[in-house]
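Here is a short report on one structure, with a look at a strand and its neighbours and then at how far the model can be trusted. Please have the structure open as you read.

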Amino acid sequence: MSEAARFLESVWYGERRRRGAEAVLGPFEAAFRLAARARAALYARGILRRIALPVPVVVVGNLSVGGTGKTPLLIWLAERLRERGYSPGIVSRGYGGKSAVWPRLVEAGADPLEVGDEPVLVAERTGCPVAVGPDRVAAAELLLPPRNSGGGAEARAAASPPQAAIDVLLSDDGLQHYRLDRAVEIAVVDGRRGLGNGRCLPAGPLREPPARLDRVDAVVVNGGTWGGPDALRAEIAPLFVYRLGTEGSDAERRALADFAGRRVHAVAGIGHPERFFEMLERHGIDVVRHALPDHAEILPRDLDHAGGPVLVTEKDAVKCREFAGDDVWCVVVDLRFPPAASSALLDRVLARLPPPSASGARR
């Protein structure tokens, strides 16, 4: 993390308020808030047009920049919907991808340098059709039957068609992507950091004012104690650890508890690396921390650490499995809710969706 990024995080989340910095950044925050409010109003009044797709859209997003736990929730939701007979498709920004062509489909094993690390992880964990691109509407149209000659027709023609018809779309992030109409909005908040100082960029970590949470269908709080009685609480928990280079049916798996009492090097290029490190420490592991910027490219030197195994996140594993050494392990995690919270969230989502389609996406 750069010195500038560290400084901003200390302003946004530091226990000591840096009032001088907040005062300097205040005018820029005011301009940011004004632009965000004006944009939202233009969509609310129909001056800027929302695009309604032929299937309902569920947005899983957040207010804060950085990691809050959206991807584990997206995976959890895709699995729950499939259990109930739906055929989800997933759209994402593809942040960090360097593809020269957007939008595009993402399959398991795709190059994360081209399409982004999170879409590859989501495609592999869920088995759902995934499309990425800065324009989420165009990305979504790659997954749906064509309505006209536009909407990414060239990209669709060049790509393999999805294996199953889709009757619901999940949008990874996109809470502020108002052009894409949606049936359900879920906001994820890091329960340890909350909303920081409650201010918008650049004086704080928020992309919209805190009142935006009043308009979503559900607020999921990932760990910690932030939030009121209406928040639905969840925790990231490890499922297992596997040795890189042995994926699939040949994967060598262990429980995370097998590393308890050992010294390990933990490498994390995610939005909030401390969450990963602290999870390992809660399982009795002696952690040497190696925090990288979110979506950072993983290089061989980042894994070259003597004195113990190297543990990496799932998001980082898709970027380094081709060259990882013999003692590099991926920690696979899951999002876990108390039963009442799990049922409450799923009920809210299902209440806004039509029944699953037996014949595929509705036209």
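## Strand pairing around E6

In this predicted model, strand E7 (residues 218-222) lies alongside E6, and the two pair in the parallel sense over 5 bridges. To find your place between these strands, look for isoleucine 186, which stands opposite alanine 218 in E7.

E6 also pairs with strand E1 (residues 57-61): 4 bridges join E1 to E6, and these strands run parallel. Here a handy landmark is valine 58, whose bridge partner in E6 is valine 184.

## Two covered faces

Is E6 enclosed or open to the outside? Strand E6 spans residues 184-190, and 7 of the 7 residues are buried, so the strand is largely enclosed by the rest of the structure.

In a regular strand, side chains alternate between the two faces of the sheet. For E6, one side carries Val184, Ile186, Val188 and Asp190, while Glu185, Ala187 and Val189 are on the other; all of these are buried, so both faces are covered.

## Where to trust the model

The chain has an average pLDDT of 90, with 91% of the residues scoring at least 70. Confidence is highest in strand E12 (residues 310-313), at a mean of 98, and lowest in helix H7 (residues 153-158), at 46.

Two stretches call for some care. Over residues 156-163 pLDDT stays under 50, and the model has 12 contacts beyond four places in sequence for them. Residues 359-363 also stay under 50, with 14 such contacts. Where pLDDT is low, the predicted coordinates should not be read in detail.

Notes:
Residues numbered from 1 in each chain as written. Predicted model: local features only at pLDDT ≥ 70, side-chain atom pairs only at ≥ 80, totals over all residues. Heavy atoms only, no water. pLDDT = per-residue confidence, 0-100. Contact = heavy atoms within 4.5 Å. Buried < 20%, exposed > 50% of the residue type's maximum accessible area, 1.4 Å probe, protein only. Pairing = 2+ DSSP bridges.
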